Amino acid sequence: MEKRVTVCIADADESYRCELRSMLAECGDIHVIADTGNGKDALAVVEQQRPQVLLLDMLLPGLDGLEKMANLMKSLR
């Protein structure tokens, strides 16, 4: 059974998210479970779906990256 790495992309730039998603899809063993340009949406995805990797823009509408990291650490305890 093939083990794929799950990824969530959180970046304010939609074209960058799209390009990154395409590049990761070419790897084959990486599965992008969600991408969003909003910090609060990213937090919800991480809490609900628990991706193995979060690619995080430090300046996101709704919640900046540092604030997001603090909230994630609290929710994952």
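With which side chain does the side chain of arginine 17 make a polar contact? In this predicted model, the partner is the side chain of aspartate 35, and the polar contact spans 3.0 Å. The surroundings of this pair are best described after the general arrangement of the chain.

The chain contains 3 helices and 3 strands, and when it is followed from the N terminus, these elements come in the order β-α-β-α-β-α. Of the 77 residues, 32% are buried. The surface that the chain exposes amounts to about 5100 Å², of which 54% is supplied by carbon and sulfur atoms. When contacts between residues at least 6 apart in sequence are considered, 61% of them join residues that are at least 24 apart.

Strand β1, which comprises residues 5-10, pairs with strand β2, which comprises residues 30-36, in the parallel sense and over 6 bridges. Between these two strands the chain passes through α1, and the resulting β-α-β crossover is right-handed. Individual positions illustrate the pairing of β1 with β2: valine 5 stands opposite isoleucine 30 in β2, while alanine 10 has threonine 36 of β2 as its bridge partner. Strand β1 is also joined to strand β3, made up of residues 53-56, by 4 bridges, and these two strands likewise run parallel.

In the pairing of β1 with β3, the bridge partner of valine 7 is valine 53, a residue that lies in strand β3. Although valine 53 and valine 7 are 46 residues apart along the chain, their C-alpha atoms are separated by 4.7 Å. Leaving aside residues up to four places away in sequence, valine 53 touches Val5, Thr6, Val7 and Cys8. Valine 53 has a relative accessibility of 31% and therefore counts as partly exposed, since that category lies between the limits of 20% and 50%.

Attention now returns to arginine 17, which is located in helix α1, a helix formed by residues 14-27. Because its relative accessibility is 10%, arginine 17 counts as buried, the cut-off for a buried residue being under 20%. Its contacts, not counting residues up to four places away in sequence, are with Ile9, Asp11, Ala12, Asp35, Thr36 and Gly37. Aspartate 35, the polar partner of arginine 17, is thus also among the residues that arginine 17 touches.

Helix α1 holds another arginine, at position 21, whose side chain is joined to that of aspartate 35 by a polar contact of 2.7 Å. Aspartate 35 is accordingly a polar partner of arginine 17 and of arginine 21. What sets of residues does arginine 21 touch, if those up to four places away in sequence are not counted? They are Ile9, Val32, Ala34 and Asp35. Arginine 21 and histidine 31 are 10 residues apart in sequence, and the distance from C-alpha to C-alpha is 8.9 Å. With a relative accessible area of 31%, arginine 21 is partly exposed, whereas arginine 17 is buried.

Helix α2, formed by residues 39-49, has as its buried residues Gly39, Ala42, Leu43, Val45 and Val46. These residues cover an arc of only 160 degrees around the helix axis, which means that they lie on the same side of α2. An α-helix has 3.6 residues a turn, so residues three or four places apart point the same way. On the other side of α2, Lys40 and Gln48 are exposed.

The two ends of α2 can also be described. At the N-terminal end, asparagine 38 acts as a cap, with a side-chain oxygen placed 2.8 Å from the backbone nitrogen of lysine 40. After the helix comes arginine 50, which is found in the loop between α2 and β3. Arginine 50 has a phi near 50 degrees, a positive value in a residue other than glycine. Most residues other than glycine have a negative phi. Arginine 50 counts as partly exposed, because its relative accessibility is 46%.

Definitions and conventions. Residues numbered from 1 in each chain as written. Predicted model: local features only at pLDDT ≥ 70, side-chain atom pairs only at ≥ 80, totals over all residues. Heavy atoms only, no water. Buried < 20%, exposed > 50% of the residue type's maximum accessible area, 1.4 Å probe, protein only. Contact = heavy atoms within 4.5 Å. Areas by Shrake-Rupley, 256 points an atom, 1.4 Å probe, with all protein chains shown as cover. Polar contact = N/O pair within 3.5 Å; in protein donor to acceptor, adjacent residues only side chain to side chain. Pairing = 2+ DSSP bridges. Right-handed = clockwise from strand over helix to strand, strands pointing away. Arc of directions from axis to C-beta.
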